[in-house]
Amino acid sequence: VAAQAFPNLCLCLGLTLFSALSIGVVERDVHIERFRSDGTRLAMALQNHIDMAERDLEILQRMFYKTELQADEFRAVSGPMLLRSPWQQHFAYLPRVSVVDRDSFEAQHGDLSLREISPRDTVVSAGLRPEYFPVLWTDPEAGNEALIGIDHLADPQRGTAIDKARASGHIAASLPLHSVAQTATSELVPV
């Protein structure tokens with residue numbers, strides 16, 4: 001009987017080991033499939049948010065392209081967009097200002113001074129250039145006061161996105177940036 005017990009014991013241990021490995025492989029496959037499914041859902045949700053942001057920006061462009069604009073008109077359109085898309089932190093209005101119009105622009109807007117971020121990350125007076133794209137208004141206003149007057153064209157990443165958008169006629173984005181306003185958690189993707 002003892003001679004028959006050893007082969008039976010080995011057979012049982014082998015079947016147990018095979019079953020454990022099979023169950024482990026099946027569980028691994030289930031986890032991989034769940035990961036793929038979750039990844040697909042997240043990618044679709046992210047794409048939906050990007051599409052919504054693009055539509056919002058196109059609406060802003062169509063409404064305000066080549067027209068004189070007031071702050072309340074800008075905020076009347078951008079405010080509902082921010083409420084609908086809480087992941088968007090703020091919108092900023094950046095008019096094109098030529099070097100010829102700089103002094104009158106600054107005086108017209110309450111002695112606003114055009115500024116830029118230096119390579120040492122300090123705010124300095126904007127240097128002389130053919131044109132500027134300063135932040136004139138933000139929505140919301142609160143917490144973004146430090147952005148007013150900052151020329152985005154002077155920033156290497158923001159300026160590249162502006163040049164790309166102007167050249168193509170389409171929306172362009174830069175890499176995520178930390179806000180000039182230096183809020184604790186703000187990373188921005190200017191478009």
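The questions and answers below cover the fold, a helix, the salt bridges and a pocket of this predicted model.

User: How many helices and strands does the protein have, and what pattern do they follow along the sequence?
Analyst: The protein has 4 helices and 8 strands. Read along the sequence, they give the pattern α-α-β-β-α-β-β-β-β-α-β-β.

User: What share of the residues counts as buried?
Analyst: Buried here means under 20% relative accessible area. The protein has 191 residues. The share that counts as buried is 31%.

User: Where does helix 2 bend?
Analyst: Helix 2 covers residues 71–84, which is 14 residues. From first C-alpha to last, helix 2 reaches 20 Å, close to the 20 Å expected at 1.5 Å a residue. There is still a bend of about 25 degrees, and Pro80 follows within four residues of it. The bend sits at Val77.

User: Which residues of helix 2 are buried?
Analyst: The cut-off for buried is under 20% relative accessible area. Val77, the site of the bend, is on the list. In full, the buried residues are Ala71, Phe74, Val77, Ser78, Gly79, Met81 and Leu82.

User: How many salt bridges does the structure hold?
Analyst: Side chains of opposite charge can pair when their charged atoms come close. A pair counts here if a Lys or Arg side-chain nitrogen is within 4 Å of a carboxyl oxygen of Asp or Glu. The structure holds 9.

User: Which residue forms a salt bridge with Asp38, and how far apart are the closest N and O atoms?
Analyst: Asp38 is partly exposed, at 30% relative accessible area. Its partner is 3 residues away in helix 1 (residues 2–64), so the two are separated by about one helical turn. The partner is Arg41, with the closest N and O atoms 2.3 Å apart.

User: Which parts does the salt bridge between Glu131 and Arg166 tie together?
Analyst: The closest N and O atoms of Glu131 and Arg166 are 2.5 Å apart. The two residues are 35 residues apart in sequence. Because Glu131 lies in one element and Arg166 in another, the pair ties together strand 5 (residues 131–132) and helix 4 (residues 156–168).

User: Is Glu131 buried or exposed?
Analyst: Its partner Arg166 is partly exposed, with a relative accessible area of 43%. For Glu131 the value is 14%. The cut-off for buried is under 20%, so Glu131 is buried.

User: Which residues join Glu131 in one salt-bridge network?
Analyst: Glu131 forms a salt bridge with Arg166. Salt bridges that share partners extend this into one network. The residues joined with Glu131 are Arg96 and Arg166.

User: What is the distance between the closest N and O atoms of Arg158 and Asp155?
Analyst: Both Arg158 and Asp155 are buried. They form a salt bridge, for which the cut-off is 4 Å. The distance is 3.5 Å.

User: Which element supplies the largest share of the lining of the second largest pocket?
Analyst: This pocket holds about 380 Å³ of space. Of its 17 lining residues, the closest to the centre are Glu68, Pro95, Phe105, Gln108 and His109. Strand 2 (97–98) and helix 3 (102–108) each supply at least two lining residues. The largest share, 3 residues, comes from helix 3.

User: How many residues of each class line the second largest pocket?
Analyst: The lining has 17 residues. By class they are 8 nonpolar, 6 polar and 3 charged.

Notes:
Residues numbered from 1 in each chain as written. Predicted model: local features only at pLDDT ≥ 70, side-chain atom pairs only at ≥ 80, totals over all residues. Heavy atoms only, no water. 1 Å grid on protein atoms, 1.4 Å probe; cavity = no way out; pocket = protein on both sides within 12 Å on 5 of 7 lines; lining within 4 Å. Points joined across faces, edges and corners; volume = space filled by probe spheres on them. Nonpolar A, V, L, I, M, F, W, Y, C, P; charged D, E, K, R; others polar. Buried < 20%, exposed > 50% of the residue type's maximum accessible area, 1.4 Å probe, protein only. Expected span 1.5 Å × (residues − 1). Bend = angle between axes of the 7 residues up to and from the residue.
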